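Please look over the structure below with its sequence alongside. The report that follows takes it region by region.

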Amino acid sequence: MFTIRPAEKTEFDPVCRFYHALIDAIQSAPYHPGWEKDVYPADADLRAAISAGQLHIGLLDGRIGAAMVLNRECLEHYGRVAWPVAAETDRVLFLHLLCVHPALRGKGYAKALVSRALSLAKEGGNRALRLDVLSENLPARSLYRSLGFRYVDTLRVSFPDAGQMTFELYEHPLEG
């Protein structure tokens, strides 16, 4: 059975092992998000997300098979975007680091995670759930659109460690 819940502070090591195993598994995949062990996602960021109750894990038979982070943090570039839902920062959640181990893909676990993120965002009184996805990640873009996310804009962002990346921004309104 697949269950989703916030990671507990004692699960930091298993969460890191999950992300490291995921990074190893996707090295030869046709789509690669550019994640690198201990760089992105950084251990300190994972620890902070767990401590804040923002990192949610998908468990299959008691083992971590998927994960995501929900919080109010976003790239500064988001502030230059004309988001369709006008909302204060305390009324918007952002979805980050959504992943399902490749061995478990195609079984609806990513859809379950995103559906849970939408429920949590709505329950928290938020007006929108927003995310970015690398433009070449066609499966994720298709998933988000199928769940009611609307394409908003495309941003090219330069990172010191990863170089220039192109993101598509999506938003899911939660009211009306």
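## Helix H2 and its exit

Gly53 comes just after H2 and has a positive phi of about 75 degrees. This is a predicted model. Helix H2 itself spans residues 43–51, and its buried residues are Leu46, Ala49 and Ile50. These residues span an arc of only 100 degrees around the axis, so they sit on the same side of H2. An α-helix has 3.6 residues a turn, so residues three or four places apart point the same way.

What do the buried residues of H2 pack against? Their partners are helix H1 (12–25) and three strands: S2 (55–60), S3 (63–71) and S4 (92–100). There is also a charge–ring pair to look at. Arg47 places its charged end over the ring of Phe12, 3.7 Å from the ring centre.

## Two positive phi values outside glycine

Asp61 is not a glycine, yet its phi is positive, at about 55 degrees. Asp61 belongs to the loop between S2 and S3. Its relative accessibility is 65%, so Asp61 counts as exposed, since the cut-off for exposed is over 50%. Asp61 and Thr3 are 58 residues apart along the chain, and their C-alpha atoms are 8.7 Å apart.

Leu97 is another residue other than glycine with a positive phi, near 55 degrees. Leu97 is part of strand S4. Is Leu97 buried or exposed? Its relative accessible area is 14%, so Leu97 is buried.

## His56 in strand S2

His56 is found in strand S2. With a relative accessible area of 8%, His56 is buried, because buried means under 20%.

Which residues touch His56, once neighbours within four places in sequence are set aside? One group of contacts is Ile4, Arg5, Pro6 and Ala7. Another is Ala66, Ala67, Met68 and Leu70. Leu120 completes the list for His56.

## Trp35 in the loop

Trp35 lies in the loop between H1 and H2. Despite its place in a loop, Trp35 counts as buried, at 13% relative accessibility.

Neighbours within four places in sequence are again left aside. Trp35 then contacts Tyr19, Leu22, Ile23 and Gln27. Trp35 also contacts Tyr40 and Pro41. Leu97, Leu98 and Cys99 are further contacts of Trp35. Leu97, the buried residue with 14% relative accessible area, is thus a contact of Trp35. From Trp35 to Val133, the C-alpha distance is 13 Å, and the two are 98 residues apart in sequence.

## The second largest pocket

The second largest pocket holds about 280 Å³ of space. It is lined by 14 residues, and those closest to its centre are Pro14, Phe18, Arg63, Ile64 and Gly65. H1, S2 and S3 are the elements that give two or more residues to this lining. Which element gives the largest share of the lining? It is H1, with 4 residues.

Rolling a probe the size of a water molecule over the atoms shows where empty space is left.

## Helix H4

Helix H4 covers residues 138–146. Its buried residues are Ala140, Arg141, Leu143 and Tyr144. Seen down the axis, they fall within an arc of 160 degrees, so they line one face of H4. Leu138, Pro139 and Ser146 are exposed on the other side of H4.

## Aromatic pairs

How many aromatic pairs does the model contain? The count is 7. In one pair, the ring centres of Tyr78 and Trp83 are 5.5 Å apart and the planes stand at 55 degrees, so this pair is tilted. Tyr78 and Trp83 are both buried.

Ring pairs also join Tyr144, Phe149, Tyr151 and Tyr170 into a cluster. Tyr144 therefore has two roles in this account: it is one of the buried residues of H4, which line one face of the helix, and it is a member of the ring cluster.

How values were computed: Residues are numbered from 1 along each chain as its sequence is written. This is a predicted model: local features need pLDDT of at least 70, side-chain atom pairs count only at pLDDT 80 or more; totals for chains, interfaces and linings use all residues. Side-chain values use heavy atoms; hydrogens and water are left out. Rings of Phe, Tyr and Trp (its six-membered ring) pair if their centres lie within 6.5 Å; planes under 30 degrees apart count as stacked, over 60 as edge-to-face and the rest as tilted. Buried means under 20% relative accessible area, exposed over 50%, partly exposed in between (1.4 Å probe, protein chains only). A charge sits over a ring if NZ of Lys or CZ of Arg is within 6 Å of the ring centre and within 35 degrees of the ring normal. The arc is that of the directions from the helix axis to the C-beta atoms. Contact means heavy atoms within 4.5 Å. On a 1 Å grid over the protein atoms alone, a cavity is a set of points where a 1.4 Å probe fits but cannot get out, and a pocket is an open set with protein on both sides within 12 Å along at least five of seven lines; lining residues have an atom within 4 Å of a point. Grid points are joined across faces, edges and corners, and a volume is the space filled by probe spheres set on the points.
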